[in-house]
Amino acid sequence: MRKRSFLPMAISLTALSVAATLAAAATRPALDTDPRFLVQAANTTIARRDVAHVGARVERDLGIINAVAAQLNSRQAARLRAMPGIRLFPDRSLATTSLLGGLLNTTTSVVSDTVDTALVTTSKVPVVSGVTAAVVSGTSNGTATQDGTGVNTPALLYQTNYPMLVGADTMQQAGITGNGVTIAMLDTGLWQDLSQNYGTRILATIDVTNGGSGPVTGDPYGHGTHITSIAAGGAINLSGNYLGIAPQANLVIVRAFNGEGAGRYTDVVAGLNWIVANRKKYNIRVVNLSFGATPESNYWDDPVNQAVMAAWQAGIVVVAAAGNSGPSPMTIGVPGNVPYVITVGALTDNYTPYNPNDDWLASFSSTGPTYEGFVKPEMVAPGGHMVGSMNSNSYLANIDPGSMAPTAQMFTMSGTSQATAVTSGVVALMLQSHPTLTPDEVKCRLLASARPAVSSSGTLAYSVFQQGAGLINAVSAINSSATGCANKGLNVSADLAGTEHFGGPANQNASGSYYIMNLTGSATWGTPQPSDGYTWSSAYTSGQGYSWSEGYAWAPGYSWTQAYTWSDGYAWSKGYAWFKGYAWSKSVPWWNTSGTQAATTQPASIEDWVPNE
């Protein structure tokens, strides 16, 4: 702790001049150039009152986290920080860092000047367009047309493979299509290709960007359109096969990112606020979050994470992207670092979808553990060379025209965003079949039914920090009766109330390897568990395929999903030597509630573009 120093007060003309300047700052209203903050209190009434007390104007209520958004000058911010019970969080900008297979690398902020706008068409596109893709036709298992390699194949011969890879096609044939379950897609909007057969399945849309509340009028960026078609697109081929995972699920479209994939924390929290408030009206059971941010605080201290936990508490299954910053360890982003939610990594089928023995973990897939010691991701799903709907006039299609099908409005893209959409679709299938499942029960059954990658010797090919429980399996998840295997030791109500916070079982030894601690017994607490896959040296084997086994027996159970209550004496420091023996060799720029951020802070983003794998 720093010692305070007290200096004698000297009154001078200079001091009087400074005081006058500060007084003027206190009385003038905030300007458009002043930073925006999320002002949090015990409730929004108090937050509004205190913002008004310092002469600022509330822009938007964010009741889901007991906060409001407001632009504040430096004096107003200082006065609010001095008030008891008030917390200020900078409104982090959201941007997109793109890597288009080496084509170009761009970073866009809310106002972008780094991208050649001549490459981009950002005109508004109606949700329902008169331009439709051609009807697609099924292909047999023996054809060469596959996701990512058939981009130049006429649409009449095209067929996606990811429903088959996760068993969704089997459930669709049995009548499990997501019917009656609503997925909320919080992303860049939606351009509706009529071949996707959304129709009346789109129950509501709202555009919350820049404080708005009107309907979504399109998706000039394209990311939201792509992942929505993967999760719940209703395109069907002439053989009667669907191209999406949950083709009859209902949808709510919430746009929180602008036409260049950029946005703000306030917009994301506002979107989640609307989703939770309208969950019963539209039967919203799943929310898809295919974006991420660099962690800059404890998971419970991040405003987006707080809103995500509130959604989980309200009975909504939250599916979040792990991130595209792998294969290095400790690269899970916000909100994927929330211990309650289902965080998804990505695998690739090696362009051989009918050979299950050569699939591998995508090199870009972010890995755990989190800084609080939780194992992430929970599972992996197809995320390599994924084909989905895309308007040819969208930002992404113009940046990477080589991935756009010339004969149809389809686009090939890789990332944990796409893997997240697959998982959201599978959750919708589960909830149609078992509508009374709670979020914790959904997560447990997904964990218990996943298929981990195993080597020829029968041991895990990847650690739990890389693949979690393994490849998602829709058939086994729907048929599972597993209970009590997810979020053990956690309490979301206490977490949100601030009375308890939690740590996970992961740690790092002196040689740099990550391991799972034993969380039972006073004598053995914290000691490494010797089970298969519980220790990881942070190595990654590129391009080596494995089979993903349904017969693997976890021992001792799913102990890596446990948590324990954090001590009231935890002390966060730049050294990250944490209570009960956490000693990470990696550190991150830490959130500074004084209103500034560390110089190395990375912006949050729609998940980074990566080369197709």
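Visitor: How do you know that helix α11 reaches about as far as expected?

Guide: In this predicted model, α11 (residues 416-433) has 18 residues and spans 26 Å from its first C-alpha to its last. The expected span is 1.5 Å times one less than the number of residues, and that comes to 26 Å here, so the helix is close to it. Helices here are DSSP runs of H or I, at least four residues, and strands are runs of E, at least two, numbered from the N terminus. Residues are numbered from 1 along each chain, local features need pLDDT of at least 70, and side-chain values use heavy atoms.

Visitor: What makes α11 mostly covered?

Guide: Of its 18 residues, 16 are buried, meaning under 20% relative accessible area with a 1.4 Å probe, protein chains only.

Visitor: Why is Asn 288 called buried?

Guide: Asn 288, in strand β12 (residues 284-289), has a relative accessible area of 0%, so it counts as buried.

Visitor: Which residues does Asn 288 touch?

Guide: Among them are Ile 227, Thr 420, Ala 421 and Ser 424, with contact meaning heavy atoms within 4.5 Å.

Visitor: What is the crossing of α6 and α11 like?

Guide: The axes of α6 (residues 223-232) and α11 come within 7 Å and cross at roughly 40°; axes are lines fitted to C-alpha atoms over the stretch in contact, with angles from 0 to 180 degrees between N-to-C directions. The contact involves residues including Ile 227 and Ile 230 of α6, and Ala 421 and Val 422 of α11.

How values were computed: Predicted model: local features only at pLDDT ≥ 70, side-chain atom pairs only at ≥ 80, totals over all residues. Buried < 20%, exposed > 50% of the residue type's maximum accessible area, 1.4 Å probe, protein only. Lists of a residue's contacts leave out its neighbours within four places in sequence.
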